[in-house]
Amino acid sequence: MTRIFSGVKPTGHLTLGNYLGAIRRWADEDQHRAESLFCVVDLHALTVDHDPARVRRLTRQAAGLLLAAGLDPQVCTVFVQSHVDEHARLSYVMECVATDGEMRRMIQYKEKTARAQAAGQGVRLSLLTYPALMAADILAYGADEVPVGDDQTQHVELTRTLAERFNQRYGHTFVVPRATPPAVAARVMDLQDPTGKMGKSHDATAGIIYLLDEPATITKKVMRAVTDSGTGGVEYDRAERPGVANLLDILAACTGKEPQTLADDYDSYGALKRDTAEAVVELLRPLQARHAEFSADPSYVDGVLRDGAAAARALARPTVDAAYRAIGL
Ligand code: ADP
């Protein structure tokens with residue numbers, strides 16, 4: 001049976017981008033068609049400046065949101081990365097397989113380094129080695145598929161390279177995985193800066209819809225979204241009119257219609273924004289209601305995470321042990 005691994009970082013509150021680009025598909029499709037593991041990757045949250053109490057709080061919140069989004073612990077495995085030692089054990093091996101140059105070529109490394117330097121912050125070494133840990137996350141479970149948004153495909157490509165290199169040098173040990181980006185909403189953009197993705201770790205929040213935003217907040221953010229000063233009605237043109245195209249992409253992802261078809265249905269930005277806001281509010285309403293139930297019973301989420309870690313550990317250990325043996329330990 002196909003095996004799937006994917007994760008979210010608890011570096012901020014989960015966003016509509018995380019949901020449309022990843023989590024919704026995990027819940028609606030992936031968990032039902034494959035043996036699936038979904039992880040809150042808290043070790044990755046330490047690669048940038050962080051507040052320990054906040055990371056702990058966001059880790060638990062993210063786990064609750066994954067369950068609220070419909071991940072069913074009877075059907076898939078939901079767990080926290082740091083609860084399973086195998087990730088860190090295998091990450092070191094991956095660092096011994098990858099090269100410094102490969103790590104430095106990663107786009108996210110370059111972007112985040114530039115951001116940290118602009119803010120006068122130091123760059124943690126773990127930001128550079130992040131893809132080695134991500135490779136370990138995936139390879140430890142023998143995952144065939146990694147359903148991620150567009151922004152992560154480069155890291156999955158590197159994971160493939162490392163798995164192939166390891167297998168070739170030390171004997172066949174790892175399944176070589178592939179990224180499976182979603183057909184729609186692979187990259188939801190920031191409402192205030194539609195040339196950049198809607199990212200949960202960004203400081204400016206006006207362009208970001210969080211999964212737990214109140215309906216009034218969602219509406220306000222969508223109504224204030226930057227559109228383009230083009231004239232002549234609503235057009236779907238990602239290059240020339242990224243703001244409008246982003247709204248059309250979001251509405252399309254909420255309604256299951258094609259963005260191009262939706263563009264033909266509107267002749268004003270105002271109406272498009274109103275309908276998009278309403279569609280997002282309705283999309284998130286059941287998720288928010290379930291999240292409120294889980295928040296009222298934290299011991300349920302704790303139990304799911306404990307069982308999830310035990311199941312994940314049992315799967316990962318033999319592969320990581322085999323990798324240690326193969327590389328000479
Ligand atoms: P973030 O950038 O929000 O910290 P994560 O690294 O936690 O994202 O990614 C969780 C999943 O959400 C990944 O599969 C990632 O590709 C996806 N994702 C993140 N942001 C977006 C976005 N704006 N549009 C589509 N998918 C996204």
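This is a short tour of a predicted model, from the ligand shell to three helix contacts.

**Before you start**

Residue numbers run from 1 along each chain as its sequence is written. Because the model is predicted, local features need pLDDT of at least 70 and side-chain atom pairs count only at pLDDT 80 or more, while totals for chains, interfaces and linings use all residues. Colour by pLDDT, the predictor's confidence in each residue, from 0 to 100. The protein chain averages 95, and 99% of the residues score at least 70. The model scores ipTM 0.97 and pTM 0.94.

**Stop 1: the ligand**

Select the ligand and its shell of 22 residues. A residue is near if its C-beta atom, placed from the backbone, lies within 6 Å. Gly 17, Gly 21, Ala 22, Val 148 and Gly 149 come nearest. Strand 1 (3-8) and helix 1 (16-33) each give two or more residues to this shell. Helices (H or I, at least four residues) and strands (E, at least two) are DSSP runs, numbered from the N terminus. Helix 1 has the largest share, four residues. The shell has seven nonpolar, 10 polar and five charged residues. Here Ala, Val, Leu, Ile, Met, Phe, Trp, Tyr, Cys and Pro count as nonpolar, Asp, Glu, Lys and Arg as charged, and the others, Gly among them, as polar.

**Stop 2: helix 2 on helix 12**

Select residues 52-68 and 298-327. The axes come within 10 Å and cross at roughly 90°. Axes are lines fitted to C-alpha atoms, for helices over the stretch in contact, and angles run from 0 to 180 degrees between N-to-C directions. Helix 2 and helix 12 are therefore roughly perpendicular (65 to 115 degrees). Show Arg 60, Ala 63, Gly 64 and Leu 67 of helix 2 against Val 301, Val 304 and Leu 305 of helix 12. Contact means C-beta atoms, placed from the backbone, within 7 Å.

**Stop 3: helix 2 on helix 11**

Keep helix 2 and add helix 11. Their axes come within 8 Å and cross at roughly 130°. That makes helix 2 oblique to helix 11 (angles not under 35, not over 145 and not 65 to 115 degrees). Gly 64, Leu 65, Leu 67 and Ala 68 in helix 2 meet Leu 287, Arg 290, His 291, Phe 294 and Ser 295 in helix 11. Five of these contact residues are nonpolar, three polar and one charged.

**Stop 4: helix 9 on helix 11**

Select residues 242-255 and 269-296. The axes lie 9 Å apart, at an angle of about 40°. Helix 9 is therefore oblique to helix 11.

Key. Two residues are in contact if their C-beta atoms, placed from the backbone, lie within 7 Å.
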